[in-house]
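Colleague: I have just opened this one and would love your help. Please give me a close, connected look at the interface.

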Amino acid sequence: MIPKSDLRKPRRDVAVVGAGMTVFARRLQETGKEMAWEAAKQALDQAGLTLDDVDAVIVGTAPDAFDGVHKKGEWLLDGAGGSGKPFMRVFTGGGTAVMTPIVGWWHVASGLFDTVLVVNEEKMSSVRPHAQSAFAHIWDPILDRPLKPNLVWIFAMEMQRYMWTYNVRYEDIALVAVKNKRNAVGHPCAQLADPDITLEDVLNSEPLALPVRRLDISPPSDGAAAVVLTREEIAYELTDAPVFIEGVGWCIDTTMWTNRDLAFPKFVARAAKMAYDMAGIKDPRKEIDIAEPYDPFDYKELQHLEALGLAEPGEAAILTREGKTQRDGELPVCPSGGLLGVGNPIAATLGIKIGELYWQLSRQAGPRQVKKDARTGVAQAWGDLMQFSSVVVMRRR
Amino acid sequence: MAFFEPMQKATEPRHWLGDMEADHYFYGAGVMGQRFFEALRDEGKLLGSRCERCDWTYVPPRLYCERCFAELKELRDVGLRGRVKAFTVVYVNKQGEPLDPPEVFALIEFGPNITPFLHKLGDAPPERVHVGMVVEAVLKPPAEREGKITDIRYFRPI
């Protein structure tokens with residue numbers, strides 16, 4: 001039997017050498033394939049590569065019910081550049097944003113392929129009257145569905161429990177929405193950038209399922225994003241500053257969401273431990289310079305920071321209030337503007353998690369560039385039935 | 001073992017009926033699809049987009065070449081005439097009921113290095129249909145065209 005530790009030793013180092021993404025918005029004109037192509041082409045152009053250089057393609061996209069096309073991965077294939085190549089579709093809900101690059105990573109790290117194109121696409125505007133029609137069918141059909149659950153009120157319960165357990169104030173949570181929507185102002189793909197948003201705007205926004213108000217949530221969106229991964233030697237031929245994937249981790253909790261720890265997402269902490277161990281990170285608070293945790297709701301950014309070991313349970317709200325998570329703060333968090341500011345086309349948020357870390361760590365983030373010289377960052381996504389997390393540690397060496 | 005429990009009738013196990021349907025879906029034609037359907041409706045033309053590098057033309061047109069990822073900007077009228085590449089004669093419908101007359105579906109090639117186009121054949125007795133047969137699109141009259149694939153009623157043998 002192979003010793004367990006050996007399983008976690010990749011054979012080759014893998015770097016990100018290009019990223020691309022489309023505008024996030026309701027996009028009636030373009031097809032999903034056309035958006036996938038736009039993002040994939042940008043990523044290849046940035047890497048200085050062509051489709052001929054790509055050995056395999058990974059696609060991430062939501063359940064077929066969103067676009068109304070069965071076998072949606074294969075349907076997107078040609079726009080993702082996968083025709084005539086080894087190809088696979090991956091879907092882990094919102095966690096797809098960071099899971100497809102992990103899958104791309106092991107395609108290269110294993111030695112099977114040199115260069116892999118990862119393309120995530122989402123078109124949530126196809127399903128009518130609203131994407132909630134598709135979300136309505138993720139529940140247990142007998143116990144949950146007759147009560148007509150809605151994602152928002154399930155999250156509201158989790159948020160309420162989180163606030164109660166750690167004595168977190170709503171006013172501090174709402175500051176995350178303010179920060180991220182302001183951060184998004186520098187992002188060319190942003191749907192919800194707002195330079196003038198205030199805490200009062202969030203506190204006074206429409207109550208949906210309290211404690212959740214409208215501005216606590218990222219909206220459905222359409223868009224695509226892509227990254228190019230390659231092995232170390234090729235990466236250095238293409239650029240002087242490749243950004244390496246140093247550690248990956250993922251974990252899934254029970255499907256019975258009622259039975260989970262609603263205040264502290266343990267599965268995120270486990271995924272983070274796997275990634276940190278691989279990256280050799282012992283003290284994330286000292287070693288992580290920048291973070292892109294998944295922020296579909298403002299309280300999720302806080303919970304995720306805590307599970308990523310970047311704050312003690314309940315402390316992330318205080319760091320936020322003190323301004324430490326601002327773009328020019330000690331630990332910039334969601335400098336992209338996150339899902340709250342840029343938008344939430346589920347899998348395509350790859351562009352504001354892995355894409356953003358790549359641009360930040362290679363100092364290509366333009367007006368969004370963090371002040372500090374960030375060399376090591378962590379990106380995290382979260383999804384399925386609020387039970388899955390994927391974590392990637394990236395570093396400019 | 002639960003697998004061998006003697007429940008035989010569908011009414012016996014406690015169960016719920018449901019569906020997974022959304023109200024409906026919005027299927028957009030896309031950037032190039034828009035131009036294809038507008039040209040079909042307004043000009044009675046079939047357009048394709050050509051990749052110069054790959055010498056390969058997509059009908060209906062695509063925004064990009066799936067072989068080399070080039071953006072395709074050049075639209076060309078491929079005409080209404082083509083040749084049958086492959087066909088099938090359908091004798092029963094989905095419910096298994098006989099179709100009288102049978103329906104003929106075909107892939108039609110408008111020329112070399114052009115992607116085949118799926119449609120049905122009309123005025124074509126099944127025994128006459130063969131690979132390589134020259135066919136031509138029969139369009140609905142302009143006033144009846146809506147910018148849909150069914151603006152082509154069928155392809156008929158020449």
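Modeller: Let me begin with one term: a salt bridge is a side-chain nitrogen of Lys or Arg within 4 Å of a carboxyl oxygen of Asp or Glu. This is a predicted model, in which local features need pLDDT of at least 70, side-chain atom pairs count only at pLDDT 80 or more, and totals for chains, interfaces and linings use all residues. Residues are numbered from 1 along each chain as its sequence is written, chains are lettered from A and ligands numbered from 1 in the order in which they are written, and side-chain values use heavy atoms, leaving out hydrogens and water.

On confidence, the model scores ipTM 0.87 and pTM 0.94. For chain B, the mean pLDDT (the predictor's confidence in each residue, from 0 to 100) is 92, with 95% of its residues reaching 70 or more.

Now to the interface. Counting contact as heavy atoms within 4.5 Å, 26 residues of chain B touch 31 residues of chain A. Between them the two chains bury about 2,400 Å², 61% of it on carbon and sulfur atoms; buried area is the accessible area (1.4 Å probe) that two parts lose on being put together, summed over both. On the chain B side, B:Phe26, B:Tyr64 and B:Phe69 lose the most area to chain A, together 32% of what that side buries.

The polar side of the story starts with two salt bridges across the interface. A:Asp52 and B:Arg53 join their side chains in a salt bridge, at 3.4 Å from N to O. There are also 15 residue pairs in polar contact across the interface, both residues at pLDDT 80 or more (N or O atoms within 3.5 Å, one able to donate a hydrogen and the other to accept it; residues adjacent in sequence count only if both atoms are side-chain atoms). The elements giving two or more residues to this side of chain B are strand S1 (24-25) and helix H1 (30-43), both DSSP runs (helices H or I, at least four residues; strands E, at least two). H1(B) gives the most, with four residues. By class, the chain B side divides into 14 nonpolar, four polar and eight charged residues.

S1(B) also pairs across the chains: two bridges join it to strand S5 (residues 127-128) of chain A, and the strands run antiparallel; pairing takes at least two DSSP bridges. Here B:His24 is the bridge partner of A:Arg128.

For context, the whole structure holds 39 salt bridges over all chains. Within chain A, A:Asp45 and A:Lys41 form one of 3.5 Å, N to O; both lie in helix H2 (residues 32-47), four residues apart, about one turn of the helix.

How values were computed:
Nonpolar A, V, L, I, M, F, W, Y, C, P; charged D, E, K, R; others polar.
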